[in-house]
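Student: I have a chain open here and want to talk through the fold. Can we start with a turn and work outwards?

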Amino acid sequence: MDNNEEIMELSAEDLEKIAGGKKQKVRAIKAGVNIHELPGEKQRVIAKTTSNAIADYTGELVYVEGKPWIRVKWAGKSGWILAKYVAIL
C-alpha cells in the first residue's frame, strides 16, 4: 500500500470549522510530517510530527500554491503544517 493512500485531506467543511479563529486541537495522522517555520514546502523545517500526537491549532489558515496550511503549536514550537496531515478533534 502506498503511504499516500493513508493520508486524508480535510474537507471544505472541516477547513471551515477550523478557519473560524477558535483554538482547537488537531491530531497528526502520520508520523514524520514536517512542521515548517512559515507556510510552504520550501520553508525551514522546525519539527516533525509523531503519529497521533496532539497539537493546538491557532486559528490561522493560509493557502500556498493552492494548498491549505494551518498554524499549530507543536512540542513547544509554533509552525505550519499542511492541513491534509491532521484531523480535527
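Tutor: Fine, bearing in mind that this is a predicted model. E4 and E5 form a hairpin with two residues between them. Glutamate 65, in the turn, has a positive phi of about 50°.

Student: In which sense do E4 and E5 pair, and over how many bridges?

Tutor: Antiparallel, over six bridges, with E5 covering residues 67-74. One of the bridge partners is easy to find: leucine 61 is matched with isoleucine 70 in E5.

Student: Which strand does E4 pair with over four bridges?

Tutor: Strand E1, residues 24-28, also in the antiparallel sense. E4 itself spans residues 54-64. Valine 26 has alanine 55 in E4 as its bridge partner.

Student: What's the overall order of elements along the sequence?

Tutor: The pattern reads α-β-β-β-β-β-β-β, that is, one helix and seven strands.

Student: What share of the residues is buried?

Tutor: 35% of the 89 residues. The accessible surface comes to about 5,500 Å², and carbon and sulfur atoms hold 48% of that surface.

Student: And what about the core: how many residues are in the largest nonpolar one?

Tutor: It has 19 residues. Those with the most contacts inside it are Val26, Ile35, Ile70, Val72, Trp74 and Ile81. E1, E3 (45-48), E4, E5 and E6 (77-82) each give two or more residues to this core. The largest share, four residues, comes from E5.

Student: Take Ile35. Where is it, and is it buried or exposed?

Tutor: Isoleucine 35 is in strand E2, residues 34-36. It counts as buried because its relative accessible area is 1%, and the cut-off for buried is under 20%.

Student: Which residues does isoleucine 35 touch?

Tutor: Leaving out residues up to four places away in sequence, isoleucine 35 touches Arg44, Val45, Ile46, Ala47, Thr49, Trp74, Gly79, Trp80 and Ile81. For threonine 49, 14 residues along the chain from isoleucine 35, the C-alpha separation is 7.2 Å.

Student: And Ile81, what does that touch?

Tutor: With the same residues up to four places away left out, isoleucine 81 touches Val33, Asn34, Ile35, Thr49, Pro68, Trp69, Ile70, Val72 and Val86.

Student: Back to E2. Is histidine 36 buried or exposed?

Tutor: Buried, at 4% relative accessible area. A polar atom of the histidine 36 side chain lies 2.8 Å from the backbone oxygen of glutamine 43. Among the contacts of histidine 36 beyond four places in sequence are Glu41, Gln43, Trp69 and Trp80.

Student: Changing topic: how many salt bridges are there in the whole structure?

Tutor: The search finds four. One joins aspartate 56 and lysine 25, at 2.5 Å from N to O. That pair links distant parts of the chain, aspartate 56 being in E4 and lysine 25 in E1, 31 residues apart.

Student: Are aspartate 56 and lysine 25 buried, exposed or in between?

Tutor: Both are partly exposed: aspartate 56 at 32% and lysine 25 at 41%.

Student: Which residue does arginine 71 meet in a salt bridge?

Tutor: Glutamate 60, at 3.7 Å from N to O. Arginine 71 is in E5 and glutamate 60 in E4, 11 residues apart. Arginine 71 is partly exposed at 26%, and glutamate 60 is partly exposed at 36%.

Student: And what does glutamate 37 pair with?

Tutor: Arginine 44, with the closest N and O atoms 3.3 Å apart. Glutamate 37 is partly exposed, at 37%.

Definitions and conventions. Residues numbered from 1 in each chain as written. Predicted model: local features only at pLDDT ≥ 70, side-chain atom pairs only at ≥ 80, totals over all residues. Heavy atoms only, no water. Pairing = 2+ DSSP bridges. Buried < 20%, exposed > 50% of the residue type's maximum accessible area, 1.4 Å probe, protein only. Areas by Shrake-Rupley, 256 points an atom, 1.4 Å probe, with all protein chains shown as cover. Contact = heavy atoms within 4.5 Å. Polar contact = N/O pair within 3.5 Å; in protein donor to acceptor, adjacent residues only side chain to side chain. Core = buried A, V, L, I, M, F, W, Y, C linked by side-chain atoms within 4.5 Å. Salt bridge = Lys/Arg side-chain N within 4 Å of Asp/Glu carboxyl O.
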